[in-house]
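The exercises below ask you to work from a sequence and its three-dimensional model. Each task is followed by a solution that proceeds step by step.

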Amino acid sequence: MLKDRLEEVEHRIEEACRRAGRKREEVTLIAVSKTKPVETLKEAYDLGIRVFGENKVQELTEKYEALPKDIHWHMIGHLQTNKVKYIIDKVDLIHSVDSIKLAETIEKEAAKHDRKVDILVEVNVAQEESKFGLKVEEVIPFIEQIAGFPHINVRGLMTIAPFVENPEKNRSVFADLRKLSVDIMEKNIDNVNVSILSMGMTNDYEVAIEEGATMVRVGTGIFGARNYNI
Ligand SMILES: *Cc1c(COP(=O)(O)O)cnc(C)c1O
């Protein structure tokens with residue numbers, strides 16, 4: 001049941017924090033609710049969840065309309081520029097910024113709403129062909145280019161690690177993202193504070209926490225397997 005799975009995830013997060021000598025409050029659990037119906041999200045809401053991650057614009061906006069307004073919505077999936085306008089006033093954080101064109105569109109739409117939007121830069125640390133995200137060496141020039149955008153706050157980095165049977169295999173991916181964030185911090189770029197590290201999913205969030213994740217994106221571990229046919 002949802003309640004049991006949530007308790008299990010919470011327990012594992014606490015244990016990973018304890019092993020790493022970190023405080024539980026340093027890690028935000030994002031409940032990745034993609035493909036799940038509104039009723040299931042309401043159930044999670046009633047169990048105390050307030051941060052939900054979605055990867056599709058239409059699904060996010062529909063759920064946004066249907067659910068209580070104290071929910072924090074995170075856009076975690078690849079975002080097309082022509083859809084930015086539908087979510088710009090609904091999301092607290094966009095995890096998947098990986099092109100100047102997308103950053104410019106977010107800047108333009110945020111300006112229309114007279115708001116500043118928090119974003120993460122998506123990094124393809126493992127250099128997988130199939131994945132979105134910038135290469136590690138592209139990240140600093142990219143951030144230097146968008147740092148001056150008045151309606152964007154660069155708040156951190158995000159990566160999607162490869163699917164592996166043994167989560168230990170992703171430890172170096174998470175460590176590399178953390179190292180990159182330290183390199184960026186040392187550059188002292190105006191307006192840029194990359195203190196958020198969004199890394200770790202159901203299969204590997206404990207290792208990610210040990211390596212410094214401040215946000216973990218857990219779907220299956222909370223909601224059970226996804227059914228893409230319905
Ligand atoms: C689906 C998804 C997740 C959650 O995946 P699980 O393995 O179900 O925890 C996390 N991050 C992103 C970007 C996703 O698309």
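**Exercise 1: the setting of V194**

Decide whether V194 is buried or exposed, and establish what it touches.

Solution. In this predicted model, V194 has a relative accessible area of 1%, which is under the 20% cut-off, and V194 therefore counts as buried. The next step is to place the residue in the fold: V194 belongs to strand 7, which runs over residues 192-198. One then lists its contacts, leaving out residues up to four places away in sequence, and finds I143, V154, R155, G156, L157, S181, I184 and M185. For S181, one of these contacts, the C-alpha atom is separated from that of V194 by 6.1 Å, although the two residues are 13 apart along the chain.

**Exercise 2: the buried face of helix 1**

Determine which residues of helix 1 are buried, and explain why they line one face of the helix.

Solution. Begin with the extent of the element: helix 1 covers residues 2-20, and its 19 residues reach 27 Å from the first C-alpha to the last, close to the 27 Å expected at 1.5 Å a residue. Its buried residues are L2, L6, V9, I13, A16 and C17. Seen down the helix axis, these buried residues fall within an arc of 100 degrees, so they line one face of helix 1. The elements that cover them include strand 1 (28-32), helix 2 (38-46), helix 8 (205-210), strand 8 (215-218) and helix 9 (220-223). After the helix comes G21, with a positive phi near 65 degrees.

**Exercise 3: the nonpolar cores**

Identify the residues with the most contacts inside the largest nonpolar core, and then describe the surroundings of I106.

Solution. The largest nonpolar core has 68 residues, and those with the most contacts inside it are I94, I106, I119, I143, L157 and I184. Helix 1 supplies the largest share of this core, namely 6 residues. Taking I106 and setting aside neighbours within four places in sequence, one finds contacts with V84, I88, I94, V97, V117, I119 and I152. Another core, of 7 residues, lies apart from the largest one and has L93, M158, I196 and M215 among its members.

**Exercise 4: charges over rings**

Find which charged ends sit over the rings of Y45 and Y64.

Solution. For Y45, the charged end of R50 sits over the ring, 3.5 Å from its centre. For Y64, the corresponding group is the charged end of K69, which sits over the ring at 4.7 Å from its centre. Turning to pairs between rings, the structure holds 1 aromatic pair.

Methods. Residues are numbered from 1 along each chain as its sequence is written. This is a predicted model: local features need pLDDT of at least 70, side-chain atom pairs count only at pLDDT 80 or more; totals for chains, interfaces and linings use all residues. Side-chain values use heavy atoms; hydrogens and water are left out. Helices (H or I, at least four residues) and strands (E, at least two) are DSSP runs, numbered from the N terminus. The expected span of a helix is 1.5 Å times one less than its number of residues. Buried means under 20% relative accessible area, exposed over 50%, partly exposed in between (1.4 Å probe, protein chains only). The arc is that of the directions from the helix axis to the C-beta atoms. Contact means heavy atoms within 4.5 Å. A nonpolar core is a set of buried Ala, Val, Leu, Ile, Met, Phe, Trp, Tyr and Cys residues joined through side-chain atoms within 4.5 Å. Rings of Phe, Tyr and Trp (its six-membered ring) pair if their centres lie within 6.5 Å; planes under 30 degrees apart count as stacked, over 60 as edge-to-face and the rest as tilted. A charge sits over a ring if NZ of Lys or CZ of Arg is within 6 Å of the ring centre and within 35 degrees of the ring normal.
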